[in-house]
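Good morning, everyone, and thank you for making room for me on the agenda. I would like to walk through one structure with you, slowly, and I will explain terms as they come up.

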Amino acid sequence: MPKGQYLAEFELYVMSALSLLGDEAYGVTIRQEIEKRAGRRVAIGAVYATLSRLADKGYVAFRISDPRPVQGGRSRKHARLTPAGQRALRASTAMLIKMIPALSGSVTEGGKR
Amino acid sequence: MTPPRLARWLLRLAAPRADREFLLADVAEEFERIALESGRRAARRWYWGQALASIRPLGRERAEQRLRRVRRARLSTSGILADLSQGARFLRRHPAISLTVVATLAVAFSVTLAAYSIIHAVVLAPLPFQSSDKIVRVRVTGPTIARGVRSSSRPDFEDWRQRSSSFTALAAYTNQQYRLTGRGEPREAETVRVTSDFHAVFGLGPALGRMFHDADFHPGSQRVAIITHAFWVSEFAQSPSVLGKTLRLDDRAYEIVGVLPDVGMQTPSDQHQIWIPLIAREGVFWESSRETGWLTVIGRVRDNVTLEQADADLSAVAANLAREYPDSNRGKTDAELSPLRDDLIGPVAPMLQLLAAALGAVLIIGCANIGSLLAASAANRNREFAVRSAIGAGRLHLARQIAGETLLLSVAAGVVAFAAFPLLVRAFVALYPNPLPREVPTGISISMIVPAVVLALTVAALLVFPQLLRVGRIRAPGDLTGTRTISSRGERASRGLLVALQVALSFVLIAAGVSFVRTVTRLYNVDTGYRPEGVLVFNVNPSPTQTSGEAALLFYDQVVQVIRDLPGVTAAGSAVAVPMTSYGWQFGIRSQGTTTDVLVGVNLASIGYFDALGVRLRQGRLLTRDEQLRGTNVAMVNEPLARVLGGAPVGTKFNYSGRSWEIVGVIDGVRHVRPRDEPRPELIIPWHIAGRRPQAVVVRAQGDPLSLLPAIRARVQAIDPTAPLSDVARLDDRLRDAVGLERFRAIMLATLSSIAVILAALGAYSVTAFSVARRNREYGIRLALGERPASIGRRAMTTAILPAMLGVIAGAGITLAGARWVQTFLYGVSASDVTTITGTALSLMAIAVIAAWPSARRAATIDPVLALATD
């Protein structure tokens, strides 16, 4: 990951969701996945805004699906991680894992004081 | 089940256009599910929550996205494309400006490309031979040897070849006309007689057949010939069966053994058609004498030897020969080597330099013109730029848009010029009065792409620069509202300087053009020493089978007699050296009190010749017919030779060729080859001494002498049916042709300076028009405060007149500084002539006034109320 390209928290959530959902990832599933795992309300607008930002960074690519073969079936905008996106996600999570013990340490110390 | 309408509308508004439908459908999908699971109210509440929570992230993302895209546009190539298309849009919306710019640049580019391709082909490109820088001309020289007597004798050449070690090949040749018979009408074929190593000097192999062997050079061996590629094409239609055919040259059969390759130039420089081995001719004693220089020597210097070393080597040989043969080689103490390329190009180089300089000036004027036009249009676009800058376009971004526009214009002009320049090259080659020493490609060639691209890019860069300075000075508030309309001092100064530059270069071109035109009129009116009107000249040679001098003289005598008897002919004569053809042969004499030889031409002229030519007798008398046919010790001199001999030589004796000649008369000097060259000293000895030398016939007639040609031809044919008339021309036409180069220069300069003046006038016009438009408000205020309209008009006028004056002064300075160089092209006029310079200055100032006049008038008639009210 190039210097200065840190992922924001919500970006990390969206990318993790993409990684978990694979081919099934689109607006609805991404929003629900994050809501379910993080346990907080997620606005569909935030998902789309973040996807658009990640796409500009080159981490996410879109695919418009064919209309589904049911009445009123519509096409969906599926999102997936690009190889660069996968690398960025790995790098960010690896860094978080390295940072978290120190982080929790400082919290504990602060609590003692 | 429908989602809440207002919430849906909000969401729709917030979503970016590309995602809008997907986003709404996604929310609707969930909405339906929630409605099914938890009821309509919960679903509506959820939908509202989603909509309200989405507005902020979506709105922020849209703003950020635009910033990101602008930022990225500064760096990425897709951004450059965007800027280019932005530029193209501007150009489409302003077709007048765009077309003007492209047309002006296309003209400037095509002349520049044409000049470059000519100069490249003739001067810059190496000769089309292997290691061509090793090919040299060799001349015999010495401190007392006059320039011009540089040919070598056969024995000298042989000694040079045997005693020097610096050459892989050393060869000699001489050009000669041979009578070609048996192929249609008899005619003179341009033939070059060469020694055995001639082809080796150029590293040439045969295109067909073989080159000469040593055996071909033994006297008495089978006569052989090699023909040039051009001759093969024109005479034999490139037939491969040409080998073994015979050419009848001077009534002798030569077997064609080889064809030369097409090398794109003559080898070395003459328009010859046939090579034959150089074998000393029987009965022509001087071809083997050491006294007579008649061979041109060329050589190929060894790879590991420098030109200086080779020069020293041959000079040592020459010095030894001068010691060994003091009678014939006195003073010929040195040899001089010069690269063959310099020899070929030397005569045309100054002309091409002049062309390049003049075209360069026109190119600069054109660019300056376009530069100020574009700067003006950029100034009018301040508002556009300010708006773009306010919505997030950086200066770099704007700069790239401008660069894109200019590049498009320049490239468009480059494309037009690339298609058009070969036409100019063709026109140049067609109009150039002399043959160019090397062929110039007249088609579009791939090799011109690089110079074309470099030219277009360089000019685009030059043009972009002043516009960029403007962009750097955009100030948001004033430029945005369009109220900042007053140009800065620096902008005005730079526009003025561009006008001054155009005027200065136009000045130089006009002054040079005027001098060149005056040179041509001087040359047309120069006293040549003879009267060319109504005179016909032609060459004719008796049949080569008549080998005796007496037979040849009888032939010329008969020809002159029968022509003189034709009605309409007032005089006729023949001579070895006729004006506008050659100097005849020359020798050097030492005049009193000088150290260098003066060249004296020797002429042999029949009775009637000087009458036919209209040369005046100054002193004494002409040679009588009896002296012409039998005299051995009488001669005439011309006026320049009389001067060298010290004034009044009639009755004095003159030593030449081991004999003493009594001078019986002095005639006017004749300008022999170029009208601009002063008449050279000339000695006229009795005609019969000419022997078998070829002569030219001069006929003076009443009316157009060309109308006599059929009758003349018939009379000559009656005397010798194999004798063709060649180089037939009216002498006044010849004289006019001899001024061809000067005329060409004058026309070229006149054309270019007209273009320059038109461009400079446009420049002066646009600078005032622009300034008046920009200062409308200022003038309005001045008028409102009581300044008189006439004074406002003068103010406006000054914006053009001041730079024009500056330009005139600079132009006069450049003209005076370059006068010495230009002077070499002039005759009878001074390059720094006061009349020319003041005339040029006055006419340019007048043009500037006329160009500024309409705008100045407009400034004087501004309505102050309107000027202050409108913006």
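Let me begin with a word that I will lean on: two residues are in contact when they have heavy atoms within 4.5 Å of each other. Please also keep in mind throughout that what you see is a predicted model.

With that definition in hand, we can look at chain B, where 80% of the contacts with a separation of 6 or more are made by residues 24 or more positions apart. Chain B has 871 residues, of which 52% count as buried, and its secondary structure comes to 29 helices and 21 strands. The accessible surface of this chain is about 39600 Å², and 58% of that belongs to carbon and sulfur atoms.

Chain A has 113 residues, of which 42% count as buried, and its elements, read from the N terminus, follow the order α-α-α-β-β-α. In chain A, residues 24 or more positions apart account for 52% of the contacts with a separation of 6 or more, and the accessible surface comes to about 6700 Å².

How many residues of chain B are in contact with chain A? There are 22 of them, and they meet 21 residues of chain A. The size of an interface is often given as the accessible area lost when the parts come together. Between chain B and chain A that buried area is about 1900 Å², with carbon and sulfur atoms giving 47% of it. On the chain B side, B:F22, B:D26 and B:E30 lose the most area to chain A, and together they make up 28% of what that side buries.

Let us now turn to the interior. In soluble globular proteins, nonpolar side chains tend to be buried together. The largest nonpolar core here has 96 residues, and B:F109, B:W275 and B:L352 are those with the most contacts inside it. Helix 5 of chain B, residues 95-124, supplies the largest share of this core, namely 15 residues. If you would like to follow one residue on the screen, take B:L352, which touches B:I118, B:I119, B:V122, B:V123 and B:F428, leaving aside residues up to four places away in sequence. There is also a second, separate core of 30 residues, and among its members are B:V499, B:I837, B:A841 and B:M845.

Next come the strands, which pair in a sheet through backbone hydrogen bonds, either parallel or antiparallel. Strand 3 of chain B, residues 187-194, is a good place to see both arrangements, since strand 3 runs antiparallel to strand 2, residues 167-181, with 8 bridges joining them, and parallel to strand 8, residues 274-277, with 4 bridges. B:Q176 has B:T191 in strand 3 as its bridge partner, while B:R193 is matched with B:I276 in strand 8. Strands 2 and 3 of chain B form a hairpin with 5 residues between them, and in the turn B:G182 has a positive phi of about 85 degrees. Is strand 3 of chain B enclosed or open to the outside? Of its 8 residues, 6 are buried, so strand 3 is largely enclosed by the rest of the structure.

Further along chain B there is an open sheet of 4 strands with antiparallel pairing, in the order 12-20-11-21. Strand 12 (569-575) and strand 21 (725-730) stand at the edges with a single partner strand each, so one side of each has no neighbour in the sheet. On average, neighbouring strands of this sheet are turned by 15 degrees against each other, ignoring direction. Strand 12 pairs with strand 20, residues 695-701, over 6 bridges, and B:G573 stands opposite B:V698 there. Two helices lie across these strands: helix 18, residues 549-564, crosses strands 11, 12 and 20, running at about 165 degrees to strand 12, whereas helix 23, residues 731-738, crosses strands 11 and 21, at about 80 degrees to strand 21.

I will finish with two loop residues of chain B. B:A237, in the loop between helix 8 and strand 6, has a positive phi near 50 degrees without being a glycine, and B:A237 counts as exposed at 63% relative accessibility. B:D251, in the loop between strand 6 and strand 7, is likewise not a glycine and has a positive phi of about 65 degrees, but B:D251 is partly exposed, at 29%.

Conventions: Residues numbered from 1 in each chain as written. Chains lettered and ligands numbered in written order. Predicted model: local features only at pLDDT ≥ 70, side-chain atom pairs only at ≥ 80, totals over all residues. Heavy atoms only, no water. Buried < 20%, exposed > 50% of the residue type's maximum accessible area, 1.4 Å probe, protein only. Areas by Shrake-Rupley, 256 points an atom, 1.4 Å probe, with all protein chains shown as cover. Pairing = 2+ DSSP bridges. Axes fitted to C-alpha atoms, helices over the stretch in contact; angles between N-to-C directions. Core = buried A, V, L, I, M, F, W, Y, C linked by side-chain atoms within 4.5 Å. Buried area = accessible area lost by both parts, 1.4 Å probe.
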